[in-house]
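User: Hi, got a minute to walk through this model with me? I'd like to jump between a few spots.

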Amino acid sequence: MQLEDYLYKLYNWSFRTFGHKQKLSSVTDHIREELLEVEATDGKDAEEWADIIMMAFDGMHRHAKCTPEQATDMLWKKLRICMERKWPDPSTVPEGMPMKHIKE
């Protein structure tokens with residue numbers, strides 16, 4: 001199954017289940033809760049990661065109005081952007097700190 005097919009199914013299910021009106025804060029607050037669950041499992045529970053990914057895609061559709069095709073295109077675009085950026089040597093980033101690209 002292609003990602004776009006999955007997203008169409010996800011979006012249809014989400015609107016049927018949760019309705020068409022959902023505040024941005026509902027999505028972002030729920031993602032924050034799921035992040036705590038990921039941390040509670042030391043990141044070892046793939047299902048918790050999947051919850052976050054599903055919610056992020058649903059939020060992208062609901063609030064940024066991305067179609068499945070646009071969402072997929074945006075993922076490819078963002079990967080290209082990240083690959084073109086300069087990044088520090090991972091050994092120079094203190095443990096526990098996020099590794100951020102080098103801004104020029």
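User: Where is K103?

Analyst: K103 sits in the segment after helix 4; helices here are DSSP runs of H or I with at least four residues, strands are E runs of at least two, and both are numbered from the N terminus. This is a predicted model, so local features need pLDDT of at least 70 and side-chain atom pairs count only at pLDDT 80 or more, while totals for chains, interfaces and linings use all residues. Residues are numbered from 1 along each chain as its sequence is written, and side-chain values use heavy atoms, leaving out hydrogens and water.

User: Is K103 buried or exposed?

Analyst: K103 counts as exposed, at 72% relative accessibility. The cut-offs are under 20% relative accessible area for buried, over 50% for exposed, and partly exposed in between, with a 1.4 Å probe and protein chains only.

User: How far is K103 from W87?

Analyst: Their C-alpha atoms are separated by 9.0 Å, and K103 and W87 are 16 residues apart along the chain.

User: New topic: how many disulfides are there?

Analyst: The count is zero, where a disulfide is a pair of cysteine sulfur atoms within 2.5 Å. C66 is in none, and the nearest cysteine sulfur, that of C82, is 16 Å away.

User: Why no bond for C82?

Analyst: Because its sulfur is 16 Å from the closest cysteine sulfur, in C66, which is too far for a bond. C82 is partly exposed at 24% relative accessibility, whereas C66 is buried at 12%.

User: Which residues make up the largest nonpolar core?

Analyst: Six residues: L7, L10, Y11, F57, C66 and A71. A nonpolar core is a set of buried Ala, Val, Leu, Ile, Met, Phe, Trp, Tyr and Cys residues joined through side-chain atoms within 4.5 Å. Helix 1 (residues 3-18) gives the largest share of this core, three residues. Apart from it lies another core of five residues, among them V27, I31, V38 and M55.

User: What is Y11 in contact with?

Analyst: Leaving aside neighbours within four places in sequence, Y11 is in contact with F57, D58, H61, C66, T67, P68 and A71. Contact means heavy atoms within 4.5 Å.

User: D58 caught my eye there. Is D58 buried or exposed?

Analyst: D58 is buried, with a relative accessible area of 8%, and is found in helix 3. Not counting residues up to four places away in sequence, D58 touches L10, Y11, S14 and Q22.

User: And which residues line the largest pocket?

Analyst: The lining is L10, W13, S14, F18, Q22, S26, V27, H30, D51, M54, M55 and D58. On a 1 Å grid over the protein atoms alone, a pocket is an open set of points where a 1.4 Å probe fits, with protein on both sides within 12 Å along at least five of seven lines, and lining residues have an atom within 4 Å of a point. Helix 1, helix 2 (24-40) and helix 3 (46-64) each supply at least two residues of that lining.

User: How much space lies in that pocket?

Analyst: About 240 Å³, the volume being the space filled by probe spheres set on the grid points, which are joined across faces, edges and corners.

User: Last one: which loop holds D42?

Analyst: D42 is in the loop between helix 2 and helix 3. D42 has a positive phi of about 55° although it is not a glycine, and D42 counts as exposed at 64% relative accessibility.
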